[in-house]
Amino acid sequence: MAAPTFSTLGCISDEDEDRALVARYLRGDRDAFTSLVVRYQRPIYNAAFWVLRRHEDANDVSQIVFLKVAERAEDYDPSHKFFSWIYRIAVNEALNLLRRSRREDALDDDTDVAGDESAGPERQASAAELSQQLRGAMMRMSTNDRVVLTLRHFSECSYEEMALILEIDEKTVKSRLFDARRRLRGLLQDWR
Amino acid sequence: MNDQRSRHTALIHSVLDGQASEAETRALEAMLADDPALRAEYDDWKRLFLALDAMPREHAPEGLVAATIAALPLAGARDSSAADQPFPRRRVFGRTLSGFLRPGLQHSRAIEPSGIASSTPTRSVSMAEQSHRIMGQRKAWLGAGIAAAAALAVAQFGFDFPVAKDVTGAVVPAERYRAAPNGSEDVKLVAPAATSGKVVGAEAAADASRSTAERSQSQQTADLTMQQKTADLTMQQKTADLKTADQ
């Protein structure tokens with residue numbers, strides 16, 4: 001059997017460079033912080049969006065996360081991975097906003113949740129159609145399911161990294177991922 | 001049976017995640033070779049994993065970096081000059097601005113990662129500057145509104161525009177008064193004079209003036225005569241009265 005082509009080597013990051021940028025910023029180099037924002041804006045925005053499912057909220061949370069990192073950079077422990085630290089902040093901020101706004105079931109206006117309905121039985125869908133169906137299905141999933149799927153598949157985090165970010169043990173990560181995928185697969189019954 | 005199937009599925013997930021050990025991967029290979037149904041399931045999951053990995057990511061808004069960096073100097077966390085300030089600058093993440101925020105954005109106590117203080121950031125970090133701009137715009141709109149109200153007041157009280165309900169009838173063009181033209185009956189012919197008509201007219205006017213003066217003088221004369229007579233009568237009466245008294 002061929003080795004999995006999508007094995008994870010860690011979240012999208014260069015740990016040494018991240019630490020160096022943080023250190024430079026702590027010495028007063030604001031350009032270093034700009035580099036961190038540029039580097040992490042998309043992953044953080046995606047993590048926030050898939051929790052909140054609203055672009056406006058994802059944008060707000062992303063800004064909050066980066067500014068919080070700026071203010072608390074001295075608290076960062078270089079012995080840990082920077083991306084784990086910032087991801088944890090992002091996920092927590094997004095979950096906090098979700099709890100406060102109490103709109104778990106509300107979706108963004110431009111969110112397309114259609115998809116699986118358009119797929120016929122035994123239909124061989126195109127890659128674009130598959131993506132659309134997956135997106136629609138994920139939008140209907142619970143927050144916990146979306147978070148683990150996002151961290152694993154969009155941010156390419158390992159079980160260990162997910163455990164660190166979500167503050168749960170690896171076994172629980174594995175279990176949550178397994179359940180989330182089965183539910184996702186259940187939402188795509190006609191998908192082949 | 002179901003438990004075994006679930007264990008196989010979990011193993012498939014671990015292998016496809018790249019998190020399985022070499023021993024687990026070899027064990028799955030052996031099972032897949034002997035079990036076509038498990039192979040079909042493996043292929044199905046693999047397709048789903050690949051589709052998830054290939055899903056398009058959301059694009060961050062274009063202004064995210066700029067807005068974040070623009071708000072960064074306000075934080076002042078890393079500004080060495082801050083230590084020289086006699087008073088600490090206001091913290092961006094402070095609660096002082098919380099009253100200006102949407103309720104949904106006001107943090108209580110966030111669940112923080114270890115090592116992060118629980119002071120709570122808010123959306124205000126990017127709104128601090130925005131609030132200044134908004135206040136400026138509000139002042140401009142307020143000024144414009146006051147000017148418009150003043151203009152309306154001047155128009156209302158400074159000019160006497162008729163109210164629509166007070167205006168009745170039709171508007172017709174104004175007509176200038178014209179005297180009736182002289183007719184033939186208005187022309188009186190007089191005897192021709194030796195001189196021109198202009199001189200005749202002047203003499204007539206002089207005559208009329210003299211006549212009026214004479215009438216006025218004769219009236220005055222009559223008045224004086226009457227007054228003299230009255231005085232004489234009064235004197236005669238007094239004389240008669242004195243005589244009567246002497247007798």
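Read along the sequence, the helices of chain B follow one another as α-α-α-α-α-α. Chain B thus described belongs to a predicted model. The count for chain B is six helices and zero strands. In chain A there are eight helices and, again, zero strands, and from the N terminus its elements run α-α-α-α-α-α-α-α.

The two chains may be set side by side in a table of their totals.

| Chain | Residues | Buried residues | Contacts (separation of 6 or more) between residues 24 or more positions apart |
|---|---|---|---|
| Chain A | 192 residues | 47% buried | 67% of contacts |
| Chain B | 247 residues | 13% buried | 43% of contacts |

**Helix packing within chain A**

Two packed helices are described by the angle between their axes and the distance between the axes. In chain A, helix α3 (residues 55-71) and helix α4 (residues 82-101) have axes that come within 9 Å and cross at roughly 135°. This angle makes α3(A) oblique to α4(A). The crossing of α3(A) and α4(A) is right-handed. On the side of α3(A), the contact is made by Asp57(A), Val61(A), Ile64(A), Val65(A), Lys68(A) and Val69(A), and on the side of α4(A) by Ile86(A), Ile89(A), Ala90(A), Glu93(A), Ala94(A) and Leu97(A). By character, the residues of the contact of α3(A) with α4(A) comprise nine nonpolar, no polar and three charged.

**Helix packing between the chains**

A helix pair is also found across the two chains. Helix α5 (residues 127-139) of chain A and helix α3 (residues 36-54) of chain B have axes that come within 9 Å and cross at roughly 85°. The angle makes α5(A) roughly perpendicular to α3(B). From α5(A), the residues Ala127(A), Leu130(A), Ser131(A) and Leu134(A) make the contact, and from α3(B) the residues Ala51(B), Leu52(B) and Ala54(B). Six nonpolar residues, one polar residue and no charged residue make up the contact of α5(A) with α3(B).

**Helix α2 and the loop after it**

Helix α2 (residues 30-52) of chain A is bent by about 50° at Tyr40(A). A proline, Pro43(A), follows the bend at Tyr40(A) within four residues. After α2(A) comes Arg53(A), which is placed in the loop between α2 and α3 of chain A. Most residues other than glycine have a negative phi, and most peptide bonds are trans. Arg53(A), although not a glycine, has a positive phi of about 65°. Is Arg53(A) buried or exposed? Arg53(A) is buried, because 24 other C-beta atoms lie within 10 Å.

A positive phi occurs again at Glu167(A), a residue other than glycine, where the value is near 60°. Glu167(A) belongs to the loop between α7 (159-166) and α8 (170-187) of chain A. Glu167(A) is partly exposed, since 13 other C-beta atoms lie within 10 Å.

**Two buried residues in helices α6 and α8**

Thr150(A) is part of helix α6 (residues 143-154) of chain A. Because 24 other C-beta atoms are found within 10 Å, Thr150(A) is buried. Which residues does Thr150(A) touch, not counting residues up to four places away in sequence? With those residues left out, Thr150(A) touches Asn46(A), Ala47(A), Trp50(A) and Ser155(A). Thr150(A) and Asn46(A) are 104 residues apart along the chain, while their C-alpha atoms are separated by 8.0 Å.

Leu177(A) lies in helix α8 of chain A. Leu177(A) counts as buried because it has 23 C-beta neighbours inside 10 Å. Not counting residues up to four places away in sequence, Leu177(A) touches Val148(A), Arg152(A) and His13(B). The list of residues touched by Leu177(A) thus includes one of chain B, His13(B). From C-alpha to C-alpha, Leu177(A) and Val147(A) are 9.5 Å apart in space, and they are 30 residues apart in sequence.

**Summary**

In this predicted model, chain A holds eight helices and chain B holds six. Within chain A, α3(A) is oblique to α4(A) at roughly 135°. Between the chains, α5(A) is roughly perpendicular to α3(B) at roughly 85°. Among the residues described, Arg53(A), Thr150(A) and Leu177(A) are buried, whereas Glu167(A) is partly exposed.

How values were computed: Residues are numbered from 1 along each chain as its sequence is written. Chains are lettered from A and ligands numbered from 1 in the order in which they are written. This is a predicted model: local features need pLDDT of at least 70, side-chain atom pairs count only at pLDDT 80 or more; totals for chains, interfaces and linings use all residues. Axes are lines fitted to C-alpha atoms, for helices over the stretch in contact, and angles run from 0 to 180 degrees between N-to-C directions. Angles under 35 degrees count as roughly parallel, over 145 as roughly antiparallel, 65 to 115 as roughly perpendicular and the rest as oblique. Two residues are in contact if their C-beta atoms, placed from the backbone, lie within 7 Å. Ala, Val, Leu, Ile, Met, Phe, Trp, Tyr, Cys and Pro count as nonpolar, Asp, Glu, Lys and Arg as charged, and the others, Gly among them, as polar. A crossing is left-handed if the near helix is turned anticlockwise from the far one by less than a right angle, and right-handed if clockwise. The bend at a residue is the angle between axes fitted to the seven residues ending there and the seven starting there. A residue is buried if 20 or more other C-beta atoms lie within 10 Å of its own, exposed if 12 or fewer, and partly exposed in between; C-beta atoms are placed from the backbone.
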